[in-house]
Amino acid sequence: MIFQKPTPKNVVEEEMTQFDAQTVAERVDEVETIVGPSVNVEGDFASEGNIIVKGTVSGSVHTSRFLSVEPGAKIMANVRAGTAKISGEVKGNLKIRETIELTSTAKVLGDIECRVLSVEPGALLFGKVSMPGIEGAEVRNVKPRTSRRGEETAEAGE
Amino acid sequence: MRQKCMYVYLYDNFLRQKKYDSIIKAVEVRLTDYGIAGKILRLNNFIDPKQIIDDEIKRGAKTVVIVGNDATFGYVLSRAATCNCTFGFLPVGGNNTISEVLGIPTDVQACDVLSKRRKESLDVGWMNNRYFVSQLHVLPAKLKVVYDERFAVTANEKMEVVVCNLQPFYWKKDKKDQAEQVVHPQDGKLEAFLRPLTKQGWWGYKYEDPSVFPFEEMEIVSDSPFTVEADGKVSKEVKVKIKLAHGKIDMIVGRNRKF
């Protein structure tokens, strides 16, 4: 048992840690926009570089690179980013191109769309998570949703 | 044949002090060695740099060299940014942070850089109706900052804004903090540093960690007038529009420049 070949699960974990190390190195190099504590940002907040949020943002957030939401930060907006690390509060849908990391202090109220999701124990999440890669899942997902909506509207009508 | 007086040197008023005599003499000797010595003009409070530079350009000057420190650099270029000539910089004495960014050593060694004539186009900031090259500073007040007409930034209390173009921004976390944190501005964009103040105790205020936003256009608005200091010139404003004007100044820079 000791000399067993690494299971596919282990391999994935190893790959993940390597990828994380790389992204962390990138993040440190290119810090561009910082929203400091006790600062409120309103509107379409977009940046070409990395964004670090320590304050409050409402409206929408968009970056093609890395987004970090620090503990104590609040985002009340739909978010689009390359990769993200959430340690604060997010109210809105998250559309992440690559990896999203929810740390133990994270609070997310909204749907997540991403390729890779990592959740630390203690993180709070309320919303739908969807990832590409499962064939046929999208078709299955869509059908019941529309019927549910139909039911809901029917109920509301009653 | 080299035209007469292709180089013009603008000396700051403080260089009249005796302690700078030896440095100035050494610089002049080195410039003569390189064959780039030229007409010397001394600045004072009653001289408009733009006017004298325009006059010298008419007489055939191609390169205007500013001799002094950060204050001289800002004073001359904020007024003469539109002049059609190449600028050089000879940093002398203390208070020289811009020269580091431009990769120009201080005193006599700067002549070597000047003689090599490595030219770069530098960005200039545009504030309301005048240029600024080094730094713009808005003293703490209740402000609203609108970036690129897309998003607005506010703070609960007062806020201080520093916009950096060439001059790096130094700040201390608090009075006890000895290590100064330095941020060097990137070229191609202006960088705004916002530091909100939070009330502490009865009268005291505490600086929060700064926010950093790179931008091309921004507007600072307030209900009451606030103090703006751009390249050493102080004014009171209610609305300030800050923009970036690309490639406005041709400048001789060193190899070790930070952009």
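This report covers the two domains of chain B and the setting of Glu237(B) in a predicted model.

## Domain layout

Chain B is assigned two domains. Domain 1 spans residues 7–117. Domain 2 spans residues 130–246. Taken over C-alpha atoms, the centres of domain 1 and domain 2 of chain B are 29 Å apart.

## Where the domains touch

In chain B, eleven residues of domain 1 are in contact with 13 residues of domain 2. On the domain 1 side, two elements each give two or more residues: helix H3 (70–80) and helix H4 (98–102) of chain B. H3(B) provides the largest share of that side, with seven residues.

The make-up of this domain 1 side of chain B is seven nonpolar residues, three polar and one charged.

## Glu237(B)

Glu237(B) sits in strand E17 of chain B, which runs over residues 233–252. Is Glu237(B) buried or exposed? Glu237(B) is partly exposed, because 16 other C-beta atoms lie within 10 Å. A buried residue would need 20 or more, and an exposed one would have 12 or fewer.

Set aside the neighbours within four places in sequence. Glu237(B) is then in contact with Asn128(B), Pro225(B), Phe226(B) and Val228(B).

Another glutamate, Glu219(B), is 18 residues from Glu237(B) along the chain. The C-alpha atoms of Glu237(B) and Glu219(B) are separated by 12 Å.

Conventions:
Residues are numbered from 1 along each chain as its sequence is written. Chains are lettered from A and ligands numbered from 1 in the order in which they are written. This is a predicted model: local features need pLDDT of at least 70, side-chain atom pairs count only at pLDDT 80 or more; totals for chains, interfaces and linings use all residues. Helices (H or I, at least four residues) and strands (E, at least two) are DSSP runs, numbered from the N terminus. Two residues are in contact if their C-beta atoms, placed from the backbone, lie within 7 Å. Domain bounds come from an automatic or database domain assignment. Ala, Val, Leu, Ile, Met, Phe, Trp, Tyr, Cys and Pro count as nonpolar, Asp, Glu, Lys and Arg as charged, and the others, Gly among them, as polar.
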